[in-house]
Every structure is written in C-alpha cells, then in structure tokens.
Amino acid sequence: MSMKTTISVTCPYCQTVSEAEAWQSIDTSTDPSLKEAVRQKAVFRFCCPSCLEETLVDYGFLYHQPEDKWLIEYAPEDSAAQDFLNELSEEGDPLQQFVQDGYLIRLVRTQNELVEKLLIFDAGLDDRLIEIYKVLVLLRYQETHKDIEAPALYFYAAPDKKPEIQVLVNDAYDCSTTINPELYQDLQNRFGDRLTPINEDTPLINEQWAFSFLS
Ligand SMILES: [Zn+2]
C-alpha cells in the first residue's frame, strides 16, 4: 500500500505557502499508475492553488515494486540516507524482511538517480555494469572536454529508442552516446566473476562505487 503525507510548499512565483501532497512510500502493486509518474517525475510536480503555476518540489520516499522485488529508497537528505542504511542492517527492522526475501535494494540521492535506476532495471540491465560503463564514457568525455567541471552522466532510455548514456553539464543536456551491447557484454565477461549476485550487493551503486571497484 502506498502512503501519503502533506508538505508545505512556498510558490516561487507568487510566494504563497500552501500544502501539497507528497508520497512517503509508493507501492506499484496497489498504485500501478505511479510507476510512470515516478519515471516522468510527475510525483514532484505541484500546481500552486493561488497563481496556478507549476513548480517542482523535492522530497524522499520509498519506492516498492513488488512484482520485480525492487525496493529503492530515494533520500535527498543525508540524515534520511543514513537512517535507511542503519535500518537495513538493524535486526528486527521491517526492512529486514525485504533483505530476507531477496529484494534488489538500492539507495539513491537525487531524482535523476532515481529515474536512472528504474530505467536501468526496466531494461533488464545490471546497474553496476552500467556504472562501470559510465566511467569509461566519462574518461573519454574528459579527454576532449578538459575545461568542464563535474559532468554528470546518466543512463537514459526513451520509449522505442536505444538506451544511451547522457552527459549533463550544470544540469543541462550536453551530449549522449548509445549503449553498445557488445561493450556491455565485454564488461560482463571481464567483471562478472567479481560481482556478487545483484541483490546481495551494497545499496549504494553509483559513480563512486564504480571508481573504487575499478581501482
Ligand atoms: Zn503561486
């Protein structure tokens, strides 16, 4: 079952403070329409009742897709992320049930990371191999863009299009490269033996994870 709460939102256009509905947890088995709403970030859109302008609000929630045994915690705040990690390892915590049931559990810190994880899993890919793939793309990108600081790379898959790695600079799209299935397979062959089963790995699979895995 999904759970909602209300949060206070200040409209950036007219400064009116109003209450908005925010999800605390999402269960796609009881609310299947939320699958797409999360992937489109519609769950973060809020319409100001005063001026009717649409704004984006940010808040964390637990995303649960039982039919695939996926559990993704979106925690934009450090304290919430730490709480999640603590609860995961705490005996008797309700989250332990998901661990025992062999769920694929992840912790993400931004909306982009949340959408990216879902699109990777939707495509039936291993997020760890995608993170390694992204490091290769990043290194190649940096060779020709030495002046750009901290480009952000994301896996993206539009409907009916080949999946790609997008490069964002200051949150704006810069360029993209299509995923080469042969290179992905090559990474699987090279690193597959060193990877634990995907649902037994650490919940924090990101660029940092890939760099320490490769070092
Ligand atoms: Zn407003």
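Which residue of S5 stands opposite Ser25?

1. Strand register. Leu62 is the residue in S5 that faces Ser25. The model under review is a predicted one. In it, strands S2 and S5 pair in the parallel sense, and three bridges join them.

2. The sheet. S2 and S5 belong to an open sheet of five strands, arranged in the order S1-S2-S5-S6-S7 with mixed pairing. Its edges are formed by strand S1 (3-10) and by S7, each of which pairs on one side only. From one strand to the next, the twist averages 25°.

3. The largest nonpolar core. This core holds 18 residues, and the members that touch the most others are Tyr63, Ile72 and Tyr74. At least two residues of the core come from each of the following elements: strand S2 (17-27), strand S5 (61-65), strand S6 (70-74), strand S7 (104-108) and helix H4 (111-122). When neighbours within four places in sequence are left aside, the contacts of Tyr63 are Ile26, Val38, Ile72 and Tyr74.

4. A second core. Separate from the largest core is another of 12 residues. Its members include Ile120, Ile130, Val167 and Ile179.

5. Domain division. The domain assignment splits the protein chain into domain 1, covering 3-122, and domain 2, covering 127-214. The centres of the two domains, taken over C-alpha atoms, are separated by 23 Å.

6. The contact between domains. On the side of domain 1, 12 residues are in contact with 11 residues of domain 2. S7 and H4 each supply at least two residues of this side of domain 1, and H4 provides the largest share, with five residues. Classified by residue type, the side of domain 1 that touches domain 2 comprises seven nonpolar, two polar and three charged residues.

7. Leu34. This residue is located in helix H1, which spans residues 33-39. Is Leu34 to be classed as buried or partly exposed? Leu34 counts as partly exposed because it has 19 C-beta neighbours inside 10 Å, whereas a buried residue requires 20 or more. Setting aside neighbours within four places in sequence, Leu34 is in contact with Ser2, Ile26, Thr28 and Val43. Ile26 also appears among the contacts of Tyr63.

8. A long-range separation. Leu34 and Leu187 are 153 residues apart along the chain. Their C-alpha atoms are separated by 33 Å.

Note on methods:
Residues numbered from 1 in each chain as written. Predicted model: local features only at pLDDT ≥ 70, side-chain atom pairs only at ≥ 80, totals over all residues. Core = buried A, V, L, I, M, F, W, Y, C linked by C-beta atoms within 7 Å. Helix = DSSP H or I, 4+ residues; strand = E, 2+ residues; numbered from the N terminus. Contact = placed C-beta atoms within 7 Å. Pairing = 2+ DSSP bridges. Axes fitted to C-alpha atoms, helices over the stretch in contact; angles between N-to-C directions. Domains from an automatic or database assignment. Nonpolar A, V, L, I, M, F, W, Y, C, P; charged D, E, K, R; others polar.
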